[in-house]
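Reader: Could you take me on a close look at one part of this model, the charged side chains that pair up with each other? I would enjoy one connected account that also sets them in their surroundings.

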Amino acid sequence: MEPIRILFISIEGNTRNFVEHLTHYAMAQHIKNKGLPEIEATEISEQTDFADETKPFFCFVPTYLDGGNGIDNGVKELMTNVMGEYIDYHDNANQLIGVVGSGNKNFNEQYCLTARRYCQKFDAPFIADYELRGVPADETRVYKKLVEQLQLLNL
């Protein structure tokens, strides 16, 4: 089975930490059952050279806003713009098969707003969410949802 491909951006290390834990969880699941996929994760940053994506991938994106509440008085995305630009590059959006969002639940309606906006912009499904760095139960839940999405798409 092909590995699950994840592109992620991490500003303060929370997303990187979660993806690292998720990758280890997937490896353990694959060892128990070779029919379950491992994870191949790539961090996107300001230093990333844009490339043409040729295989399906999931996007993991945190929410950082600067101004507006994102609901009724606008929104100004902050710091994750390079991920959106990367997905927008050439035909990369055609390979996007789902978005996983994170954030702080204290921000109410703004929680995972960036992920929801990516879903709308790139016509991709919202797969799952987790708060901040997540907890082990989130790793199990998110991994299961990623695998389910792959099965749904027959990938």
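Author: Happily; what follows starts with the overall layout, moves to the salt bridges, and ends at the C-terminal surface.

Please keep in mind that this is a predicted model. The protein chain has four helices and five strands. Read from the N terminus, these elements come in the order β-α-β-β-α-β-α-β-α. The radius of gyration is 15 Å, close to the 15 Å that the globule rule gives for 155 residues, so the chain is as compact as a globular protein of that length. Along the principal axes, the C-alpha atoms fill a box of roughly 50 × 35 × 30 Å. Of the 155 residues, 46% are buried.

Now to the strands that carry part of your charged group. Strand β1 (residues 4-8) and strand β2 (residues 39-43) run parallel and are joined by five bridges. Within this pairing, isoleucine 6 has alanine 41 in β2 as its bridge partner. Together with helix α1 (residues 14-32), β1 and β2 make a right-handed β-α-β unit.

On to the charges themselves. Side chains of opposite charge can pair when their charged atoms come close. A search of the whole structure finds seven salt bridges, and one of them joins glutamate 40 to arginine 5, with the closest N and O atoms 3.1 Å apart. Glutamate 40 lies in strand β2 and arginine 5 in strand β1, so this pair ties together parts that are 35 residues apart in sequence. Arginine 5 also forms a salt bridge with glutamate 53, and here the closest N and O atoms are 2.7 Å apart. That second pair links distant parts of the chain as well: glutamate 53 sits in the loop between β2 and β3 (57-62), 48 residues from arginine 5 in strand β1. Arg5, Glu40 and Glu53 are thus linked in a network of salt bridges.

How covered are these three residues? Arginine 5 has a relative accessibility of 11%, so it counts as buried, the cut-off being under 20%. Glutamate 53 is buried too, with a relative accessible area of 13%. Glutamate 40, on the other hand, is partly exposed at 38%.

Another salt bridge worth a visit is the one between lysine 121 and aspartate 88, whose closest N and O atoms are 3.3 Å apart. Lysine 121 belongs to helix α3 and aspartate 88 to helix α2 (residues 81-88), so the pair ties together parts that are 33 residues apart in sequence. Lysine 121 is exposed, with a relative accessible area of 54%, while aspartate 88 is partly exposed at 44%.

The surroundings of helix α3 deserve a word as well. Strand β4 (residues 96-103) and strand β5 (residues 126-131) run parallel, with five bridges joining them. One bridge partnership there is that of valine 99 with phenylalanine 126 in β5. Between these strands the chain crosses through helix α3 (residues 113-122), and this β-α-β crossover is right-handed.

Finally, for a contrast with the charged pairs, look at the nonpolar patch that Leu152, Leu153 and Leu155 form on the surface. Together these leucines have about 300 Å² of accessible area. Leucine 152 is found in helix α4 (residues 136-152), and it is exposed, with a relative accessible area of 64%.

Technical notes. Residues numbered from 1 in each chain as written. Predicted model: local features only at pLDDT ≥ 70, side-chain atom pairs only at ≥ 80, totals over all residues. Heavy atoms only, no water. Patch = residues over 30% accessible without salt bridge, like charges linked within 9 Å, V, L, I, M, F, W, Y side chains within 5 Å. Areas by Shrake-Rupley, 256 points an atom, 1.4 Å probe, with all protein chains shown as cover. Salt bridge = Lys/Arg side-chain N within 4 Å of Asp/Glu carboxyl O. Helix = DSSP H or I, 4+ residues; strand = E, 2+ residues; numbered from the N terminus. Buried < 20%, exposed > 50% of the residue type's maximum accessible area, 1.4 Å probe, protein only. Pairing = 2+ DSSP bridges. Right-handed = clockwise from strand over helix to strand, strands pointing away. Rg over C-alpha atoms; globule rule 2.2 N^0.38 Å.
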